[in-house]
Amino acid sequence: MINVNREQNIKKIIEMEDRICECQRCTSLVRCVRKPSQGKGDLEPILMLVFEYENDFCKETNNIIELRDLIKKETDIQHIYHTFMVRCCPKSCANLPSSSCYFNNKLMDKDYNCRLSRSKCDGIPVRPGNEEIMSCLPFLMEEIETLEPHFVLLFGDRVSTFVLRSYGVFDDPIPGHRYQTQDKTLICAVKEELFNSQECRRLFE
């Protein structure tokens with residue numbers, strides 16, 4: 001029997017992802033992004049993991065798999081979804097300052113080569129600023145409200161701060177603190193690279 005709720009979630013998430021791919025709020029960023037970071041996992045999640053952006057840790061698929069397996073082992077929560085607060089990661093690139101003279105469209109081709117240098121993109125990822133976060137935050141909030149997880153695990157101070165404030169909570173985030181809002185529990189956590197079995201047990205005991 002087809003799960004109607006899951007089918008509806010699939011349609012809503014696909015529609016949202018299409019809008020994310022067409023988003024032009026951060027013009028300087030999208031020119032150097034082949035595909036924005038998208039959420040993945042169970043579309044009827046008990047737990048949603050929220051990372052700040054696709055950093056070095058998150059780019060390694062094995063790191064995400066190990067983190068999810070750790071949580072499943074320590075909590076018995078099997079339905080997990082992960083996503084990002086910022087979808088297009090800023091880059092530091094020597095080619096960008098002069099690029100507006102030549103191109104007004106995407107600077108990265110389908111093979112992830114830079115159209116300016118004609119080689120693989122060598123831009124260095126940098127942490128998103130508040131402007132990028134505020135531009136992307138509505139997509140994250142839409143994703144949370146669409147999937148309706150029971151728990152939302154917020155990795156790091158910045159993710160915790162922006163998501164909590166979106167729900168009207170202005171406390172300084174402290175790892176381990178829980179906040180009940182509507183029908184979900186928001187949980188502040190350490191950065192993903194610092195998250196371990198002990199921390200997991202402490203959060204979900």
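A cavity, as I shall use the term, is a set of grid points where a 1.4 Å probe fits but cannot get out. With that term in place, good morning, and let me turn to the structure. Please keep in mind throughout that this is a predicted model.

I begin with the cavities. The count comes to 3 cavities of 30 Å³ or more, and the largest of them holds about 120 Å³ of space. Its lining consists of 13 residues, and those nearest the centre are Cys23, Cys26, Arg87, Cys88 and Cys136. Two elements, helix H2 (27-30) and H5, give two or more residues to this lining. H5 provides the largest share, 4 residues. By character, the lining of the largest cavity divides into 9 nonpolar residues, 1 polar and 3 charged.

The largest pocket is a separate topic. About 550 Å³ of space lies in it. The pocket is lined by 25 residues, and Lys35, Pro36, Ser37, Glu54 and Lys59 lie nearest its centre. Helix H3 (56-59), helix H4 (61-75) and strand S3 (80-84) each supply at least two residues of the lining, with the largest share, 3 residues, coming from H4. The lining of the largest pocket comprises 13 nonpolar, 5 polar and 7 charged residues.

Next, the sheet. In what order do the 6 strands of the open sheet lie? The order is S1-S3-S2-S6-S8-S7, and the pairing is mixed. At the edges are strand S1 (40-41) and S7, each of which pairs on one side only. As a parallel example, S2 and S6 are joined over 4 bridges, and there Leu47 has Phe151 in S6 as its bridge partner. An antiparallel example is found with S7 and strand S8 (residues 184-189), which are likewise joined by 4 bridges.

Let me stay with that antiparallel pair. Thr181 stands opposite Lys184 in S8. In a regular strand the side chains alternate between the two faces of the sheet. Strand S7 (residues 178-181) has Tyr179 and Thr181 on a covered face, whereas Arg178 and Gln180 are on an uncovered one. On the neighbouring strand, S8, we find Thr185. Is Thr185 buried or exposed? Thr185 counts as buried, because its relative accessibility is 9% and the buried class is under 20%. Beyond its neighbours within four places in sequence, Thr185 is in contact with Arg178, Tyr179 and Gln180, and also with His150, Phe151 and Val152.

The hairpin of S7 and S8 has 2 residues between the strands, and one backbone angle there deserves attention: Gln182 takes a positive phi near 55°. Most residues other than glycine have a negative phi. Gln182 sits in the loop between S7 and S8 and counts as exposed, because its relative accessibility is 61%. A second such residue is Glu148, which is not a glycine and yet has a positive phi of about 50°. Glu148 belongs to the loop between H5 and S6. At 44% relative accessibility, Glu148 counts as partly exposed.

Finally, the interior. In soluble globular proteins, nonpolar side chains tend to be buried together. The largest nonpolar core of this model has 31 residues, and those that touch the most other members are Val50, Met85, Leu140, Ile144, Leu154, Leu164 and Leu186. At least two residues of the core come from each of helix H1 (4-22), strand S2 (47-51), helix H5 (130-147), strand S6 (151-155), helix H6 (157-166) and S8. Which element gives the most to this core? That element is H5, with 8 residues.

Leu140 shows how such a residue is placed. Setting aside its neighbours within four places in sequence, Leu140 is in contact with Val50, Thr83, Phe84, Met85, Arg87 and Val163. Apart from the largest core lies another, of 20 residues, which include Leu49, Cys58, Ile187 and Cys200.

To close, I return to helix H5. H5 gives the most residues to the largest core, and the largest share of the lining of the largest cavity also comes from H5. Thank you for your attention.

Terms used. Residues numbered from 1 in each chain as written. Predicted model: local features only at pLDDT ≥ 70, side-chain atom pairs only at ≥ 80, totals over all residues. Heavy atoms only, no water. Buried < 20%, exposed > 50% of the residue type's maximum accessible area, 1.4 Å probe, protein only. Pairing = 2+ DSSP bridges. Core = buried A, V, L, I, M, F, W, Y, C linked by side-chain atoms within 4.5 Å. Contact = heavy atoms within 4.5 Å. 1 Å grid on protein atoms, 1.4 Å probe; cavity = no way out; pocket = protein on both sides within 12 Å on 5 of 7 lines; lining within 4 Å. Points joined across faces, edges and corners; volume = space filled by probe spheres on them. Nonpolar A, V, L, I, M, F, W, Y, C, P; charged D, E, K, R; others polar.
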